[in-house]
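Welcome! Have a look at the model below, then work through the exercises at your own pace.

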Amino acid sequence: MKKTCFIALLCLAYNIISFAQNNNPILREDNIDEILNSMTTEEKVALLVGASGALVPDAAGYTHEIERLGIPMTVLADGPAGLRIRPTREDTDQTFYCTGFPTSTLLASSWDIALMEQVTQAMGNEVLEYGVDVLLAPGMNLHRNPLCGRNFEYYSEDPLLSGKMAAAYVRGIQSNGVGTSVKHFAANNQEINRLENDARVSNRALRELYLKNFEIAVKEGKPWTVMSSYNKLNGEYTQQSQGLLTTILRDEWGFNGIVMTDWGVKDNTVKAAKAGNDLMEPGRPVEEERLFAAINRGEINQEELDRNVRNILNYIVKTPHFRQYKFSNKPDLKAHAQVARKAAEESIVLLKNDNNTLPLKGNEKVALYGLNSVDFWGVGTGSGYVNTVHVANMQEAMTAAGFTLDENLAEYYRLYHGTQTTTEKMEGKNIDKRHREEPAITVQAIERQAAANDVAIIVLGRMAGEGADRVVPDDFELTAIEREMLQNISMNYHKVGKKVVVVLNIVGVIETASWKHLADAIVLPWTPGQEGAYAVTDVLRGKVNPSGKLPTTFPINYMGSPSSKNFPYTWDMTQGRRGNRKNVDYTDYEEGIWVGYRYFQTKNVEVSYPFGYGLSYTTFAYSKPSVKANADGITATITVKNTGKVAGREVVELYVAAPEGGFEKPAQELKAFVKSKLLAPGESETLTMKVSAYELASFNEKSASWETAAGEYKVLFGASSADIRATASFRMKKAQSWTVKMMW
Ligand code: BGC
């Protein structure tokens, strides 16, 4: 306490003297060294620790202002489905709502890099116009396990799809002159004990999977900031890992922005600063005290201190607050709603469509079932939540599109929804709605409804968010009420020759294998943002031809996922001694690189819906491909032709089967992908994809190097990971390798 007062007095005295001499340099883009030389140790320390502020209510964090040097405060706010700030303020009637865009898993289902950039250009404009400097997004941990509570904030089980999508996200947001923070670096794949869990991961799995997507995002997106995660990685907190934050991130990948912690205080602030974690967020006085003391002891040397401060100053000069940008607080929410809708339209996945059940004609009488038909979820909870003006639901979207809803049924759900307590409504962080019950419907009612309507549409929902993982019973699996409802609807509608459609408004993968035969069609919009219900409706009525594909596998059952053996799905905090609870205190990533389709395809394990899968209302033919190879890599071309009756877009997925070169490799790995333009019936497009020799490499732990083996490579052109439409091959004459420093 005494020390803090002393420091404050020193600062004041220094400020007064400087002011009197009137010789303070003022921060400019080109005088960072001069500013560094003029800064007191106290000022430097202040810059390394987040500040509290009130510039933008409910923004997650701030950096310190140092007025005498013209260093402004900057504002950091969440991400990733849109900007999360408080929508109302006490001193004004004006509102500050933001657009709820589709969540990351749906955006990844678009497999459309250009679309991602368009969406995030709009999102980033809200960041700019609401006076925020950095959006704390994209979230880009891998879908290691279906139950991770934050999977909706992340893209995929595959690092290439995840990395490319994240890079596009970063470019789109940053095109507005605001920053991003790719998070949570790294191996933050479970929420249970997320602050302390030690992810024990092999070097190979890290390099090929859990770091690979970050590598792509950093190299191709150039984010202003990276957020280190809460968890440990192989025994060390990621925020304190020199190997991760300096050797790999900066020295190897060339990152030159700032690293900030995720939102909490750990004991060893000094180790974090030395490791290359520039900024402690949200920032506490104790962190300043620790840093100051360590500098005085010589434990943090001048070079280390200045390195971190320089990084922060380099960041600050890029920010809107530094530019004194006059933000309007009035982004064009109407225009952005259209962007959000379009994004959902281009991403929704059609999982099943027997006998052309869909599209509907558009004028049917519809019995719309499921609480989620009213309580439709646009985004997830926690820091991934967005305060939107409104989230359209399926009742209003279908009515607006001209369908006639069974009014009694609609009223039933509205009334039931109205009885939900307000605490169950998503109003901010960490409000968990998973245990909300679906109201039961009697068989007699279903029989009547089947007679009176043309089609049944059932909207099933799953919610999750930061701080908790999902569970298997009544969550990954259907609840007894849901199952019974599905069975009764299926039986009674099919009896009278009518169809049953299921819409999955879910934050993450669920079990589908045991019940999918009950539905004629299944549409997967995940959590598709505030306008998502309109997009789903347009898919149902054929105004939009679905072109999304799965970024993640739907396994037959939970234990069918290779990581499930080592995931806390039945966790019990009381078991074991502290520090020694499997899957709570530590998690062995025993499955290594065998995650998602890498496992299912290589080991020939049946799944419910494979990675990369998605149907269309039209069909596509793939031409004979061409692959040209040289020492730098390959260029592949293939022509797809719309052979059906309606216009549509096709995603072509390029997988490579590499020669073993001394160690086992997956049967196929995604190395490139491309989405066609909207092709009219009969129209074709020739698509080109490139893969560099480095991108073809696998990580050899023994030699600590990326290795592209010599020999014969197969190139598979798939409509999904399990539906290969054309193949080609090429030879790499000489092996190539890139040696790295081994960190663990
Ligand atoms: C989350 C981050 C988020 C931060 C600020 C943390 O609890 O893990 O994703 O950006 O809070 O809200």
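**Exercise 1. Find the strands that pair with E23, and say in which sense each pair runs.**

Step 1. Begin with strand E26 (residues 684-692): E23 pairs with E26 in the antiparallel sense over 9 bridges. Strands pair if DSSP finds at least two bridges between them. Strands (E, at least two residues) and helices (H or I, at least four) are DSSP runs, numbered from the N terminus. Within this pair, Thr635 stands opposite Lys690 in E26.

Step 2. Before going on, note that this is a predicted model, in which local features need pLDDT of at least 70 and side-chain atom pairs count only at pLDDT 80 or more, while totals for chains, interfaces and linings use all residues. Residues are numbered from 1 along each chain as its sequence is written, and side-chain values use heavy atoms, with hydrogens and water left out.

Step 3. Turn to strand E22 (residues 626-630), which runs antiparallel to E23 and is joined to E23 by 5 bridges. Val627 has Ala636 in E23 as its bridge partner. A hairpin of 2 residues leads from E22 to E23.

Step 4. Finish with strand E21 (residues 620-622), joined to strand E23 (residues 633-642) by 3 bridges, again antiparallel. Here Tyr622 faces Val640 in E23.

**Exercise 2. Is strand E16 largely enclosed or open, and which strands pair with E16?**

Step 1. Check burial. In strand E16 (residues 499-506), 7 of the 8 residues are buried, so the strand is largely enclosed by the rest of the structure. Buried means under 20% relative accessible area, exposed means over 50%, and partly exposed lies in between (1.4 Å probe, protein chains only).

Step 2. Look for partners. Strand E15 (residues 455-462) runs parallel to E16, with 8 bridges between them, and Leu460 stands opposite Leu504 in E16. Strand E17 (residues 521-524) also pairs with E16 in the parallel sense, over 3 bridges. In that pair, Val502 stands opposite Ile522 in E17.

Step 3. Add a general point: in a regular strand the side chains alternate between the two faces of the sheet.

**Exercise 3. Where is Ile441, and is Ile441 buried or exposed?**

Step 1. Place the residue: Ile441 sits in the loop between helix H16 (407-418) and helix H17 (443-452).

Step 2. Read its accessibility. Ile441 counts as buried because its relative accessibility is 12%.

Step 3. Compare positions. Ile441 and Leu409 are 32 residues apart along the chain, and their C-alpha atoms are separated by 9.5 Å.

**Exercise 4. How many salt bridges does the structure hold, and which parts of the chain does the pair Arg86 and Asp58 link?**

Step 1. Start with the total, which is 47 salt bridges. A salt bridge is a side-chain nitrogen of Lys or Arg within 4 Å of a carboxyl oxygen of Asp or Glu.

Step 2. Take the pair itself: Arg86 and Asp58 form a salt bridge with an N to O distance of 3.3 Å. The pair links distant parts of the chain, 28 residues apart: Arg86 lies in the loop between strand E2 (74-78) and strand E3 (88-89), and Asp58 in the loop between helix H3 (41-48) and strand E1 (61-63). Arg86 is partly exposed at 35% relative accessible area, and Asp58 is partly exposed at 37%.

Step 3. Set another pair beside it. Arg581 bridges to Asp585, their closest N and O atoms being 2.6 Å apart, and both Arg581 and Asp585 are buried.

Step 4. Now try Lys677 and Glu683, whose side chains meet in a salt bridge of 3.3 Å, N to O. Salt bridges that share partners also form one network of Arg150, Glu153, Glu191, Arg194 and Glu466.

**Exercise 5. Which residues are closest to the ligand, and how much of its area does the protein cover?**

Step 1. List the neighbours. The ligand is surrounded by 15 residues, the closest being Asp78, His184, Tyr230, Asp262 and Glu466. A residue counts as near if one of its heavy atoms lies within 4 Å.

Step 2. Look at individual distances. Polar side-chain atoms lie 2.5 Å from a ligand oxygen atom for Asp78, 2.9 Å for Lys183 and 2.8 Å for Tyr230. Each fits the polar contact cut-off, a pair of N or O atoms within 3.5 Å.

Step 3. Read the cover: of the 310 Å² of accessible area that the ligand has on its own, the protein covers 98%. Accessible areas come from the Shrake-Rupley method with a 1.4 Å probe.

Methods. Polar contact = N/O pair within 3.5 Å; in protein donor to acceptor, adjacent residues only side chain to side chain.
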